[in-house]
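Student: Please take a close look at one part of this model, starting from a single pair of residues and working outward. I would like to know what surrounds that part and how it is held in place in the fold.

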Amino acid sequence: MSPLSASPALARPEDVETAFYEAIARGDLEGLMALWADDEEIVCVLPDGRRLVGASAISERWRALFAANPRISVRISQSVCWNSLLLAVHHVVETFYSGNDPSPKSRVLATNVFQRGANGWRLLAHHASAAAELPESDDGDEIDDGGVPRVLH
């Protein structure tokens with residue numbers, strides 16, 4: 001039985017989004033991969049610019065990320081959502097934390113695209129990238145970027 005068929009139907013795109021970030025916090029690769037659409041063309045773009053296409057590539061990269069830092073948590077804020085009957089697009093600000101350290105490590109902009117199918121809502125694409133200007137989080141935390149200038153291309 002594949003992880004997808006073993007996972008429950010998720011009734012709303014927000015359910016998938018919540019489960020996605022919870023799986024990251026648990027370092028749960030199987031749980032994370034069960035949230036993706038059953039499609040060969042699923043895409044995950046990481047903040048480092050890597051474009052991963054397909055479940056195998058996405059799984060292998062997340063496996064490496066969890067091995068390098070098993071205690072990652074992400075808080076999302078400033079959501080902008082577009083929902084229709086079969087497709088939903090959510091744009092969020094992701095704030096990353098490591099271990100028990102309460103100070104944010106980084107902030108990126110992310111777009112999550114969800115598709116509704118026979119197994120409920122699933123993640124079709126996740127695109128995270130650095131922002132030219134990082135907005136403050138809802139709680140006012142600031143990110144120490146070490147004085148690195150931001151360059152627009």
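**From one bridge to the sheet and its core**

Tutor: In S5, Thr-111 is the bridge partner of His-91. Keep in mind that the model is predicted.

That pair belongs to a longer run of pairing: S4 and S5 are antiparallel and are joined by ten bridges. On the other side of S4, ten bridges also connect S3 to S4, again in antiparallel fashion. One place to see this is Ile-76, which stands opposite Glu-94 in S4. Between S3 and S4 there are three residues, and the two strands form a hairpin.

Two residues in these strands deserve a separate look. Gln-78 is found in strand S3. Its phi is positive, at about 50°, although Gln-78 is not a glycine. Gln-78 has a relative accessible area of 33%, so it counts as partly exposed. The second residue, Leu-87, lies in strand S4. With a relative accessibility of 40%, Leu-87 is also in the partly exposed class. If neighbours within four places in sequence are set aside, Leu-87 is in contact with Trp-82, Val-113, Phe-114, Gln-115 and Trp-121. Pro-13 is 74 residues away from Leu-87 along the chain, yet their C-alpha atoms are separated by 8.7 Å.

Now step back to the whole sheet. It is an open sheet of six strands in the order S2-S1-S6-S5-S4-S3, and the pairing is mixed. The edges are taken by strand S2 (51-53) and S3; each has a single partner strand, so one side of each is left without a neighbour in the sheet. On average, neighbouring strands are turned by 25° against each other, with direction ignored. Not every pair is antiparallel: strand S1 (residues 43-45) runs parallel to S6, and three bridges join them. Within that parallel pair, Val-43 stands opposite Ala-125 in S6.

Helices pack on this sheet. H2 touches S3, S4, S5 and S6, and the direction of H2 makes about 165° with that of S3. H4 touches S1, S2 and S3, and makes about 130° with the direction of S2. S3 is therefore touched by H2 and by H4.

What do helices and strands share? The largest nonpolar core has 31 residues, and those with the most contacts inside it are Phe-20, Ile-24, Leu-32, Trp-36, Ile-58 and Trp-62. At least two residues of this core come from each of helix H2 (13-26), helix H3 (29-33), H4, strand S3 (72-83), strand S4 (87-98), strand S5 (106-117) and strand S6 (120-129). H2 gives the largest share, with six residues.

The aromatic residues come next. Rings count as a pair if their centres lie within 6.5 Å, and planes over 60 degrees apart make a pair edge-to-face. By this rule there are four aromatic pairs. In one of them, the ring centres of Phe-20 and Tyr-21 are 5.0 Å apart and their planes stand at 80°, so this pair is edge-to-face. Phe-20 is buried, at a relative accessible area of 1%, and Tyr-21 is buried as well, at 7%. Trp-62 and Phe-66 form a tilted pair, 5.6 Å from centre to centre and with 45° between the planes. These two are four residues apart in helix H4 (residues 55-68), which means that about one helical turn separates them. Trp-62 counts as buried at 6% relative accessibility, and Phe-66 counts as buried at 7%. Ring pairs link Phe-20, Tyr-21, Trp-36, Trp-62 and Phe-66 into a cluster.

Last, here is the setting of all this. The protein has four helices and six strands, and along the sequence they follow the pattern α-α-α-β-β-α-β-β-β-β. Of its 153 residues, 37% are buried. Among contacts with a separation of 6 or more, 51% are between residues 24 or more positions apart. The accessible surface comes to about 8700 Å², and carbon and sulfur atoms account for 54% of that surface.

Terms used: Residues are numbered from 1 along each chain as its sequence is written. This is a predicted model: local features need pLDDT of at least 70, side-chain atom pairs count only at pLDDT 80 or more; totals for chains, interfaces and linings use all residues. Side-chain values use heavy atoms; hydrogens and water are left out. Rings of Phe, Tyr and Trp (its six-membered ring) pair if their centres lie within 6.5 Å; planes under 30 degrees apart count as stacked, over 60 as edge-to-face and the rest as tilted. Buried means under 20% relative accessible area, exposed over 50%, partly exposed in between (1.4 Å probe, protein chains only). Contact means heavy atoms within 4.5 Å. Accessible areas come from the Shrake-Rupley method with a 1.4 Å probe; for residues, only the protein chains shown count as cover. A nonpolar core is a set of buried Ala, Val, Leu, Ile, Met, Phe, Trp, Tyr and Cys residues joined through side-chain atoms within 4.5 Å. Two strands pair if DSSP finds at least two bridges between them. Axes are lines fitted to C-alpha atoms, for helices over the stretch in contact, and angles run from 0 to 180 degrees between N-to-C directions.
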